[in-house]
Amino acid sequence: MATSGTFGTVQTADNTEVTQWQWEASINSGESWAEAQLLLSDVSGQGTQTLTVESALLSEDGTLVRCRAYYSGGSTLSNEATLKVNPV
């Protein structure tokens, strides 16, 4: 187990108000993506602009995380971040 971590948010290109947040995770180097709560053991904030990972497992080290933000003109993706899990 490790301590918790938080991932930040994404901004639309034209600063349009975001209507929905969707956090996604990938365990295969970005080849495919699924909702973060399906691939990570203990997350909160799935539908918000901040995703928190609590008590990450060592096996989740290296998982990629990104956010898809929906707005009136479509959607945009954040940059990917890599979850780093350190043993405690």
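Helices (H or I, at least four residues) and strands (E, at least two) are DSSP runs, numbered from the N terminus. The model here is predicted, so local features need pLDDT of at least 70 and side-chain atom pairs count only at pLDDT 80 or more, while totals for chains, interfaces and linings use all residues. Residues are numbered from 1 along each chain as its sequence is written, and side-chain values use heavy atoms, with hydrogens and water left out.

**Exercise 1. Work out the overall layout of the protein.**

Step 1: get the element count. The secondary structure comes to 1 helix and 8 strands.

Step 2: put the elements in order. Along the sequence they read β-β-β-α-β-β-β-β-β.

Step 3: check burial, where buried means under 20% relative accessible area, exposed over 50% and partly exposed in between (1.4 Å probe, protein chains only). Of the 88 residues in the protein, 33% are buried.

Step 4: look at contacts, meaning heavy atoms within 4.5 Å. Taking those between residues at least 6 apart in sequence, 55% join residues at least 24 apart.

**Exercise 2. Find the partners of strand β2, then follow β2 into the core.**

Step 1: locate the strand. β2 covers residues 18-26, and 7 of its 9 residues are buried.

Step 2: list the pairings, bearing in mind that two strands pair if DSSP finds at least two bridges between them. β2 runs antiparallel to β6 (residues 64-71), with 8 bridges joining them. One bridge puts tryptophan 23 opposite cysteine 67 of β6. β2 also pairs with β3 (residues 34-35), again in the antiparallel sense, over 2 bridges. There, alanine 25 has alanine 34 as its bridge partner.

Step 3: turn to the nonpolar core, a set of buried Ala, Val, Leu, Ile, Met, Phe, Trp, Tyr and Cys residues joined through side-chain atoms within 4.5 Å. The largest one has 15 residues, and Trp23, Ala36, Leu40 and Leu51 touch the most other members. Two or more residues of this core come from each of β2, β5 (51-53) and β6. β2 supplies the largest share, 4 residues.

**Exercise 3. Describe the surroundings of threonine 63.**

Step 1: place the residue. Threonine 63 is in the loop between β5 and β6.

Step 2: is threonine 63 buried or exposed? Its relative accessible area is 4%, so threonine 63 counts as buried.

Step 3: list the neighbours, skipping residues up to four places away in sequence. Threonine 63 touches Ala25, Ser26, Ile27, Leu40, Ala81, Thr82 and Leu83. Isoleucine 27 is 36 residues away in sequence, yet the two C-alpha atoms are 5.1 Å apart. With the same sequence cut, leucine 40 touches Ala25, Val53, Glu60, Thr63, Val65 and Leu83.

Step 4: look for a polar contact (a pair of N or O atoms within 3.5 Å; within protein, one must be able to donate a hydrogen and the other to accept it, and residues adjacent in sequence count only if both atoms are side-chain atoms). A polar side-chain atom of threonine 63 is 2.7 Å from the backbone oxygen of glutamate 60.

**Exercise 4. Track down the non-glycine residues with positive phi.**

Step 1: recall the background. Most residues other than glycine have a negative phi.

Step 2: take serine 29, whose phi is positive at about 60°. Serine 29 lies in the loop between β2 and β3, and it counts as exposed because its relative accessibility is 69%.

Step 3: take serine 55, with a positive phi near 50°. Serine 55 belongs to the loop between β5 and β6 and is partly exposed at 31% relative accessible area.

**Exercise 5. Examine arginine 66 and its neighbour glutamate 80.**

Step 1: test for a charge over a ring (NZ of Lys or CZ of Arg within 6 Å of the ring centre and within 35 degrees of the ring normal). The charged end of arginine 66 sits over the ring of tryptophan 33, 3.9 Å from its centre.

Step 2: place glutamate 80. It lies in the loop between β7 (74-77) and β8 (81-82) and is partly exposed, with 48% relative accessible area.

Step 3: relate the two. Arginine 66 and glutamate 80 are 14 residues apart along the chain, with 4.8 Å between their C-alpha atoms. Leaving out residues up to four places away in sequence, glutamate 80 touches Trp33, Leu64, Val65 and Arg66.
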